[in-house]
Amino acid sequence: MTARTTRRTKAAQSRIAAVGAIAVAGALVLTGCGDQTKKDSSGTATNSAPLFSKLPKSIQDAGVIKVGTNAEYAPMESTEGGKIVGVDPDLADALAKQLGVKFEFTSGSFDGLITAVNSGRYDIGMSSITDNKQRQEGLDDKGKKLGEGVDFVDYFTAGTAIYVKKGNPEGIKGIEDLCGKTAAVQQGTTYETALKDQSKKCTDAGKKAINIESFQNDTEAQTRVKSGGAVAGINDYPVAVDLSNKADGGKAFEVINKQYDAGPFGIILNKKNTQLRDALKEAVDAIIKDGSYQKVLEKWGAQSGAISQSAINGGK
């Protein structure tokens, strides 16, 4: 749900403002390096990391930041050999060196991340989450209050992309070409909302509605496009590009057009957790400045999403 910056207009924003509890069955955990805590002669914890003192005492004492994610979106986050890998875990490792604590990732369902963070199950969520006003304020796509919002620490930017079966047999050139056709998308995402909005535009123009097939996870949506059951899928640009490059050796999919409506990805936190939020923002700015941020993006071919400075709640 690569993706998914200032971040985009509602019609192009990625994954959903979650309301359900995150599923943890079968969760996978990756612990990032970074704990530099030692005890002095009195038993007090000390740490040589530059930003350790900025962290809340509870995090200092624990030595761990618990991270909720949905590891289905290579190159941002996915699983390989039972480990969570990708841009987000590697950026977390760089942040860990600045903060002096470990980042422990647990993968579960995307649509419960906000609730899980606000309930205290996780300290943060880091999973290609689009920063937008809906999520900041806890609203649904119609402006109705769903629950608590979250704060964001922005660290990446990405736009929307449409991917199709290799060869583009239906000649899809943009989302407006999906009128009267079947499109696959992950359930509950803002991409699903984008398709619903476009479908209304189709019918308002006297055309047939889009047949939207929504799936529990993005892998199922991809399979539907690959089989020809859907003419297109919608995803974050980095994810769609990675998919087109790697699926069946690059023979399964292709991305149409370039990314559009770019906006920020952010780390999500409970709005009451302002001290951790501010420490994370300072850490993101530090890794941008020292070059480790750019190295991570280059490793995963995600340079197009680089930002020059972090922001808090920078999404629109």
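**Helix α9, the cores and some unusual backbone spots**

On the face of α9 turned away from its buried side sit two exposed residues, Lys295 and Lys299. The model is a predicted one, and its α9 makes a handy way in. Tyr293, Val296 and Leu297 are the buried residues here in α9. Looking down the helix axis, the buried residues of α9 fit within an arc of 95 degrees, so they line one face of the helix. That fits the usual geometry: with 3.6 residues a turn in an α-helix, residues three or four places apart point the same way. As for partners, the buried residues of α9 pack against α2, β9 and α8. After α9 comes Gly301, with a positive phi near 65 degrees.

Now for the nonpolar interior. The largest nonpolar core counts 43 residues, and the ones with the most contacts inside it are Ile65, Leu99, Phe103, Ile124, Phe156, Ile267 and Leu280. Among the elements that each supply at least two residues of this core are the strands β4, β7, β9 and β13, along with the helices α2, α8 and α9. Apart from this core lies another, of 16 residues, including Ile172, Ile175, Tyr191 and Ile234. Back in the 43-residue core, Ile65 touches, beyond its neighbours within four places in sequence, a mixed set that includes Ile59, Leu99, Phe103, Ile124 and Leu276, but also Lys102, Glu104 and Asp123.

Glu192, in helix α5 (residues 190-204), is a charged residue worth a look. Glu192 is buried but has no salt bridge. Why not? The nearest side chain of opposite charge, Lys196, is 4.3 Å away, and a salt bridge needs the nitrogen within 4 Å of a carboxyl oxygen. What Glu192 does have is a side-chain to side-chain polar contact with Ser214, at 2.5 Å. Setting aside neighbours within four places in sequence, Glu192 is in contact with Val185, Gln186 and Gln187 as well as Ser214.

The backbone has a few oddities too. Most residues other than glycine have a negative phi, and most peptide bonds are trans. The bond from Ala74 to Pro75, however, is cis, with omega near 5 degrees; Pro75 belongs to the loop between β4 and β5. Ser128, a residue other than glycine, has a positive phi near 55 degrees and lies in the loop between β8 and α4. Ser128 counts as buried because its relative accessibility is 0%. Asn168, also not a glycine, has a positive phi near 45 degrees, and its place is in the loop between β9 and β10. With a relative accessibility of 16%, Asn168 counts as buried, the cut-off being under 20%.

Technical notes
Residues numbered from 1 in each chain as written. Predicted model: local features only at pLDDT ≥ 70, side-chain atom pairs only at ≥ 80, totals over all residues. Heavy atoms only, no water. Helix = DSSP H or I, 4+ residues; strand = E, 2+ residues; numbered from the N terminus. Buried < 20%, exposed > 50% of the residue type's maximum accessible area, 1.4 Å probe, protein only. Lys, Arg positive; Asp, Glu negative; His and termini not counted. Polar contact = N/O pair within 3.5 Å; in protein donor to acceptor, adjacent residues only side chain to side chain. Contact = heavy atoms within 4.5 Å. Core = buried A, V, L, I, M, F, W, Y, C linked by side-chain atoms within 4.5 Å. Arc of directions from axis to C-beta.
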